[in-house]
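User: Please take a close look at one part of this model, the place where its two chains meet, and begin with a charged pair on one side of it. I would like a connected account rather than a list.

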There are 2 protein chains.
Amino acid sequence: MTYCVAITMDAGLVFCSDSRTNAGVDQVSTYGKMYHYSVRGERDFIVLSAGNLATTQAVVSQIKRDIRDNAATSLKTLPDIAEAASYLGEISRQEQDKHVSVGGPNGGTSFEASFIIGGQVAGDKPRLAMVYPQGNHITTSKDTPYLQIGESKYGKPILDRILSAGTTLENAARCALVSMDSTMRSNLTVGPPIELGIYPADSFALTRFRFDDDDDYLRALKKAWDKYLIEAFDRLPSLNWSDSVSHDEQG
Amino acid sequence: MTYCVAITMDAGLVFCSDSRTNAGVDQVSTYGKMYHYSVRGERDFIVLSAGNLATTQAVVSQIKRDIRDNAATSLKTLPDIAEAASYLGEISRQEQDKHVSVGGPNGGTSFEASFIIGGQVAGDKPRLAMVYPQGNHITTSKDTPYLQIGESKYGKPILDRILSAGTTLENAARCALVSMDSTMRSNLTVGPPIELGIYPADSFALTRFRFDDDDDYLRALKKAWDKYLIEAFDRLPSLNWSDSVSHDEQG
């Protein structure tokens, strides 16, 4: 499994991904899941991937090949994030179709992969899209400023409570890291190193961080969050025991 | 779907369940999922249920019938929580077996249900068990002081961060309510009223609460948690931008 989250705010975009992949519990590897392509001052694309590793690697390879070969359609030429998402979805679906079959040795195997693609093309604002395994995609909205792929449930509540359009890049980045930490605690198949990318609107420059398991900042963040959360918890209003209702069924 | 959580501490037990059931998005109903049986000073059993509503209702009916009819094996006679869990698992499996079939009109339908059973029998300490749809069960441990059934992922991180054997009943109850709130925000199929049961060790008395959507305490709790969480968040250590690594792939 995998966990990736991307957040859009007025101030820009934040991307965060883990690096663990697994095919069963004894086939665990480390692969980065964040790919970045930029033409300085003109376009920045960031791609996060989850799902079948062979599919995601093949898709990223194809994206790179199209750039290198100056294909008619590539991240070098596509006019906006929406078209880039369609292009990525089409590659992903084609790659899956190569292997899927109803019966035979591949029958029943899932080759599905999901992607988040975001960034900015000069003249447009920064945008995000999530590409489904089926190849179609959705974007964020004012009410839902983030997109997740992979093991998304454990890390969702903190995003819902903290994020809004006015969130700063710094806060969104920390929120993504806390969301990642909550997920790593609860699910063994999500693990470090953690990659973080911060894209300030109109900057055409991505600032990237990589946090290993023993990273000082990540450890300080986790420790502080645990401590402050318990402090916050202790301040919650007390339960009024006289509000109890009693409807015991006596034997 | 459903969300139920039960917590065991030195101080006693806490149970929390939502009341929403659904079979598709337009067949949503309200049913309590907490059943309590006690013989004052001698035994207290609390049962939480998730899964197929017909199965869970049939199981609780059978439990009640066995008590009423003075059956040889019932919550009136069983010597401990472990045997009560086995008894509950056996009823659940038998009830599912009545309806399951490979083909025919019932083919492919899931009649599965999960249960948490907890409480205390005089002479033993308070205990919890989770009964799988297959009929077998697990208990808590020192490291895992809680059990969940239903839509468990959204509400898990807060339990992991707050709970330990030394947690007070009051804090465990508030933690269960925060965990429930996180789940309700993220999943439409989990909803109020929320039922809460607090069982102090050796009390042989369950204190029950019921919180409707507009309950003053529940609203105050949610509001305070949102506020304190944001405050806690703002105190987190700042990201050191100079720690960034740059490995952009330029076009």
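Analyst: In helix α4 of chain B, B:Arg174 and B:Glu170 stand 4 residues apart, which means that about one helical turn separates them. In this predicted model, the two residues form a salt bridge whose closest N and O atoms are 3.9 Å apart, a distance that falls inside the 4 Å limit used for such pairs. Both partners count as buried, B:Arg174 at 5% relative accessibility and B:Glu170 at 18%, the limit for that class being under 20%. Elsewhere, salt bridges that share partners join A:Arg161, B:Asp181, B:Arg185, B:Lys222 and B:Asp226 into one network, so that residues of chain A and chain B appear in it together.

Across the interface of chain B and chain A, the rule finds 8 salt bridges, while a search of the whole structure gives 38 over all chains. One pair with a partner in each chain is A:Lys153 with B:Glu151, whose side chains meet in a salt bridge at 3.0 Å from N to O. Polar contacts across the interface of chain B and chain A amount to 23 residue pairs, with both residues at pLDDT 80 or more. On the side of chain B that touches chain A, at least two residues each come from β5 (34-39), α3 (156-162), α4 (169-186), β11 (194-200), β12 (207-211) and α5 (216-234) of chain B. Of these, α5(B) gives the most, with 13 residues. By character, the residues on this side of chain B divide into 31 nonpolar, 12 polar and 21 charged.

The extent of the contact can be stated in residues and in area. Chain B and chain A bring 64 residues each to the contact, and the area buried between them is about 6200 Å², with carbon and sulfur atoms giving 58% of that area. Within the share that chain B buries against chain A, B:Arg161, B:Phe233 and B:Leu239 supply 14%, more than any other three residues.

The arrangement of the two copies can be described by one operation: a turn of 180° with a shift of 0.0 Å along the axis lays chain B on chain A with an RMSD of 0.0 Å, and that is the relation of a two-fold axis. The same surface serves both copies, since 100% of the contact residues of chain B recur in chain A. Of the residues of chain B, B:Tyr154 comes closest to the rotation axis, its C-alpha lying at 2.4 Å.

Two salt bridges within chain A can be set beside the buried pair described at the start. The side chains of A:Glu231 and A:Lys227 meet at 3.2 Å from N to O, and they too are 4 residues apart, here in helix α5 (residues 216-234) of chain A, so about one helical turn separates them. Their surroundings are described by the class partly exposed, with A:Glu231 at 30% relative accessibility and A:Lys227 at 47%. The second pair joins A:Arg210 to A:Asp212, with the closest N and O atoms 3.7 Å apart; A:Arg210 is partly exposed at 44%, and A:Asp212 is likewise partly exposed at 35%.

Technical notes:
Residues numbered from 1 in each chain as written. Chains lettered and ligands numbered in written order. Predicted model: local features only at pLDDT ≥ 70, side-chain atom pairs only at ≥ 80, totals over all residues. Heavy atoms only, no water. Contact = heavy atoms within 4.5 Å. Buried area = accessible area lost by both parts, 1.4 Å probe. Polar contact = N/O pair within 3.5 Å; in protein donor to acceptor, adjacent residues only side chain to side chain. Nonpolar A, V, L, I, M, F, W, Y, C, P; charged D, E, K, R; others polar. Least-squares fit on C-alpha atoms with pLDDT ≥ 70 in both. Buried < 20%, exposed > 50% of the residue type's maximum accessible area, 1.4 Å probe, protein only.
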